[in-house]
Every structure is written in C-alpha cells, then in structure tokens.
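Colleague: Hi, could you walk me through the empty spaces in this one? I'd like to start with the pockets.

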Amino acid sequence: AVGLSSQEVQTTFARSLIENGSIDVSAIAAEKKRLIDQEPAMTYYEPREGGFDNVGGWDVFKEAAMKTKLSYSPEARAYGLKLAKGAFLMGVSGCGKTLSCQALGAEWGWPVIRLDVNALKGKYVGESEARLRGIFTKIDALGQVIVYIDEVEKALEGAVTGSADGGVSADALGAILTWMQDRQGQAYVMMTANDPSKLPPEFLRKGRFDEVWWV
C-alpha cells in the first residue's frame, strides 16, 4: 500500500475485507492503478504475462536486469549496497525497448508507470519544473516501481537546440536531472531514445544511469 494515503488505505482494506474476506493484494494494486491513472501524465501498464519470454534476444540485458534486482533485497540493504538507478536504452525504433520495459515489470513483480514529460509542460517559465517535481514526489512515495520515459530526446529537444519555447524544455531537463541525482525513493528509471545525439552531454554522464545499452 506504499503511496496510498492513510484514508485510501483504510477504504481499500475495508472494501477488500467485505468483498473477499481478507486483505487482497490485487485489490490494493487496483486502487494504486486507479490513482495513477487519474494523473494525465502517468500511465499504468499491466504486467505482461510471461515477462522476458516475450522478448527475443536481449540475453545480456536480461541477465543484468535479474542481477540488478538483488540490490533491492534486505540482504543488499544490510550489506550497504547502493540501490540501482536505472537503465538507458538507445536504438532504432521497433527493436523492443518498450516491450522490454513492460516485461521487466513482470519479471520483478513491480508496477510499470509510463511518464509523459510533454504532458507536463506549461506555457509559463517554471511551470513545467513545478509540475515535474510534483510528479516525482508522487513517484518517490510509490516505493518499488519502474518508471518508463519513452523517446526522452523528443521531450527535451528544445533544451539542446535552443527552441523558442520560453525555456520550457530547459526547465524540464533541470527538474529531471535534479531528481535523478538526489532522489531517495526506490523507483527504477528506464529511459529510451532513438537519437541520443539530441540529448545534452550532462544527461548521459557516468553515474546518471547504472548502464547505457545500445539495442
């Protein structure tokens, strides 16, 4: 129930007890999905049955992904191992980047949330940044969740090319970089790009992601 308010937890638990005679995990998941879908910039993906069995190839990524999950275990926390940050997938369209993000959620047993950065852009300077910070606060409260941002270079293109958008893209870039650097939550971030040359150098610097993958 991480990410739900105390009132939402009480309501969900009570409904589950009445309908099922117990506190059902699926009922809690359904409530979280409902709340996430209320946010226009966030889309909840249902777990893709079969997980990585849906993805042909990608053997090295699959092996690395299953090892990465170990960093979230209680043993890893006791040992002092740092939490994983995320993965950046770049490559041509249609090679399975989106599919792999959805499959990873099924393998890990985590919700997958797609974040649409463009849906958060406002016409006033600073508005986009404020909206993104609000979304990131919600994501941090959700605990273990995979955050998927697709074709990020298109959403942030104005920050590199000097687009006449009044600094909106630059605001979004600043908010994303700050969150990725300072976040305290357990979210695992997966971003994709078809043309990484359109991204600013600081976006892909070492340490921003655990690994950058070419597909």
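Modeller: Happy to! This is a predicted model, and its largest pocket has a volume of about 370 Å³.

Colleague: Nice. How many residues line the largest pocket, and which lie nearest its centre?

Modeller: The lining is made up of 15 residues. Those nearest the centre are K82, L83, A84, K85 and D210.

Colleague: And which elements give two or more residues to that lining?

Modeller: Those are α3, residues 59-68, and α9, residues 168-182.

Colleague: How do the lining residues of the largest pocket divide into nonpolar, polar and charged?

Modeller: Evenly: five are nonpolar, five are polar and five are charged.

Colleague: OK, on to closed spaces. How many cavities of 30 Å³ or more does a search of the whole structure find?

Modeller: That search finds two. The largest cavity holds about 40 Å³ of space, and the second largest holds about 30 Å³.

Colleague: Which residues line the largest cavity?

Modeller: Its lining consists of K85, M180, R183, V189, R208 and F209. You've met K85 already, as one of the residues nearest the centre of the largest pocket.

Colleague: Good catch. What about the classes in the lining of that largest cavity?

Modeller: Three residues are nonpolar and three are charged, with no polar ones.

Colleague: And which residues line the second largest cavity?

Modeller: There you'll find K32, I36, P111, I113, L142, Q144 and V145. By class, five of these are nonpolar, one is polar and one is charged.

Colleague: Changing topic: where does T12 lie?

Modeller: T12 is part of helix α1, which covers residues 6-20.

Colleague: Is T12 buried or exposed?

Modeller: T12 counts as buried because its relative accessible area is 2%, and the cut-off for buried is under 20%.

Colleague: What is T12 in contact with, leaving aside neighbours within four places in sequence?

Modeller: With those set aside, T12 has contacts to L4, A27, I28 and E31.

Colleague: Last thing, confidence. What does the chain average in pLDDT?

Modeller: The protein chain averages 84, and 91% of the residues score at least 70.

Colleague: Which elements have the lowest and highest mean pLDDT?

Modeller: Helix α8, residues 157-161, has the lowest mean at 64, while α3 has the highest at 94. You'll remember α3 from the lining of the largest pocket.

Colleague: Anything to keep in mind when reading the low end?

Modeller: Yes: where pLDDT is low, the predicted coordinates should not be read in detail.

Colleague: Great, thanks!

Notes: Residues are numbered from 1 along each chain as its sequence is written. This is a predicted model: local features need pLDDT of at least 70, side-chain atom pairs count only at pLDDT 80 or more; totals for chains, interfaces and linings use all residues. Side-chain values use heavy atoms; hydrogens and water are left out. On a 1 Å grid over the protein atoms alone, a cavity is a set of points where a 1.4 Å probe fits but cannot get out, and a pocket is an open set with protein on both sides within 12 Å along at least five of seven lines; lining residues have an atom within 4 Å of a point. Grid points are joined across faces, edges and corners, and a volume is the space filled by probe spheres set on the points. Helices (H or I, at least four residues) and strands (E, at least two) are DSSP runs, numbered from the N terminus. Ala, Val, Leu, Ile, Met, Phe, Trp, Tyr, Cys and Pro count as nonpolar, Asp, Glu, Lys and Arg as charged, and the others, Gly among them, as polar. Buried means under 20% relative accessible area, exposed over 50%, partly exposed in between (1.4 Å probe, protein chains only). Contact means heavy atoms within 4.5 Å. pLDDT is the predictor's confidence in each residue, from 0 to 100.
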